[in-house]
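Here is a short report for a reader who works with coordinates. It moves from the overall layout to single residues and charged pairs.

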Amino acid sequence: MIKSMTGFGKAEATTLTKKITVEVRSLNSKQLDLSVKLPGVYRHLEFEIRQRATAAITRGKADVSVSIEHTAPQGTTTINSELFKLYLGELKQTLCDASFEVDNAAILPVVMRMPDVISTQQEQIPNEEEKALLGAVDEALACFNAFREQEGKILIEDLLRRVDNIEQYKLQVEPYEATRVETIKNRIRENIAQMHIDVDSNRLEQEMIFYIEKLDITEEKVRLANHCNYFREVAATEDAAGRKLGFIAQEMGREINTLGSKSNEANMQILVVKMKDELEKIKEQVLNIL
């Protein structure tokens, strides 16, 4: 199934003492650029989380973030009174030396944030909590992919509609082809008549046929139709088809450009411009597909 490269997923898990929240989001990128943000207590699970995210995301600039909210006291918090007194004395002395007024209420929060003044003894992460975290990661990735599938469905519907438009414009070109040949022949004959030059009529007819054959667009129309059909086939049968659809769009562009250079007729050129406009929109949207 076609997926968008942009997506978002979120999941939560609750333990006896914590609420764990996992968020996954991604944007367009040619390769996988994965960032995993974890609290320090879960750092040992980063490799496992990265493996699961890599398998699910495949491609894009993605972020996986894990946050925790404590719902009960964690560990034992202690204050290092000796270190507290040392920092407090040093800070007061520095303020006095700089002729600043010492305000204990103001400097107390500063001292409390000094390194190692407050220490919390962390409990070992139980297996149940690790399972809850990894389960939330899997759930968030599943929501993330469901979001991408929904976006991908909208994208591919738009792309296929534009492919249909290109084929419709191609069909509208055909009525102008026959009249174009006669117009070109008449213009050549008029130019020769204005120059008052005697020419061999058989040779002139041969040269005109040779010239008109160079402007024939039958091959371009056939190849363009094949590319459009292949685009639909890939979109319907392949996963992670973004790159391949981009390559097919490039081939469609080559045929449309050649068709435009051979058209030599105002109405045909207008239709070619419309084809190019649809193709540019296809190329832009294909970049959003996984």
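The text below covers the fold, two backbone angles, the cysteines, a surface patch and the salt bridges.

## Overall layout

This is a predicted model. The protein chain comes to 8 helices and 6 strands. Along the sequence, their order is β-β-β-α-β-β-α-α-β-α-α-α-α-α. The chain has 290 residues, and 36% of them are buried.

## A left-handed unit

Strand E3 covers residues 32–37, and strand E4 covers residues 60–70. The two run parallel and are joined by 6 bridges. One register point is leucine 34, whose bridge partner in E4 is alanine 62. Helix H1, residues 46–57, belongs to the same story: E3, H1 and E4 make a β-α-β unit. Its hand is left.

Threonine 58 sits in the loop between H1 and E4. That places threonine 58 on the way from the helix of this unit to its second strand.

## Two positive phi values

Most residues other than glycine have a negative phi. Threonine 58 has a positive one, near 75°. Alanine 240 has a positive phi too, near 50°. Neither residue is glycine.

Where does alanine 240 lie? Its place is the loop between helix H6 (218–237) and helix H7 (242–263). Are these two loop residues buried or exposed? Threonine 58 has 43% relative accessibility, so it counts as partly exposed. Alanine 240 has 46%, and therefore counts as partly exposed as well.

## Cysteines

How many disulfides does the structure hold? The count is 0. Two cysteines can be placed by their accessibility. Cysteine 228 counts as buried because its relative accessibility is 0%. Cysteine 143, at 34%, counts as partly exposed.

## Helix H4 and the loop after it

Helix H4 spans residues 127–195. Aspartate 138 is found in this helix. At 35% relative accessibility, aspartate 138 counts as partly exposed. Aspartate 138 and valine 22 are 116 residues apart along the chain. Their C-alpha atoms are separated by 9.3 Å.

Isoleucine 197 lies in the loop between H4 and helix H5 (201–214). Its relative accessible area is 42%, so isoleucine 197 is partly exposed. Which residues join isoleucine 197 in a nonpolar surface patch? They are Met195 and Val199. The patch made by these residues has an area of about 280 Å².

## Salt bridges

Side chains of opposite charge can pair when their charged atoms come close. The count here comes to 23 salt bridges. The table gives some of them.

| Acidic residue | Basic residue | N to O distance |
|---|---|---|
| Glutamate 23 | Lysine 10 | 4.0 Å |
| Glutamate 220 | Lysine 262 | 3.1 Å |
| Glutamate 238 | Lysine 244 | 3.0 Å |

Start with lysine 10 and glutamate 23, whose side chains meet in a salt bridge. This pair links distant parts of the chain, with lysine 10 in strand E1 (residues 7–14) and glutamate 23 in strand E2 (residues 18–27). The two residues are 13 residues apart. Lysine 10 has 40% relative accessibility, so it counts as partly exposed.

Next come glutamate 220 and lysine 262, with a salt bridge between them. Glutamate 220 is in helix H6 and lysine 262 is in helix H7, 42 residues apart. This pair also links distant parts of the chain. Is glutamate 220 buried or exposed? Its relative accessibility is 5%, and the cut-off for buried is under 20%, so glutamate 220 counts as buried.

Glutamate 220 and lysine 262 have further partners. Glu219, Glu220, Arg223, Glu255 and Lys262 are linked in a network of salt bridges.

The last pair in the table is glutamate 238 with lysine 244. Glutamate 238 counts as partly exposed because its relative accessibility is 27%. Lysine 244, at 30%, counts as partly exposed too.

Note on methods:
Residues numbered from 1 in each chain as written. Predicted model: local features only at pLDDT ≥ 70, side-chain atom pairs only at ≥ 80, totals over all residues. Heavy atoms only, no water. Pairing = 2+ DSSP bridges. Helix = DSSP H or I, 4+ residues; strand = E, 2+ residues; numbered from the N terminus. Right-handed = clockwise from strand over helix to strand, strands pointing away. Buried < 20%, exposed > 50% of the residue type's maximum accessible area, 1.4 Å probe, protein only. Disulfide = S-S within 2.5 Å. Patch = residues over 30% accessible without salt bridge, like charges linked within 9 Å, V, L, I, M, F, W, Y side chains within 5 Å. Areas by Shrake-Rupley, 256 points an atom, 1.4 Å probe, with all protein chains shown as cover.
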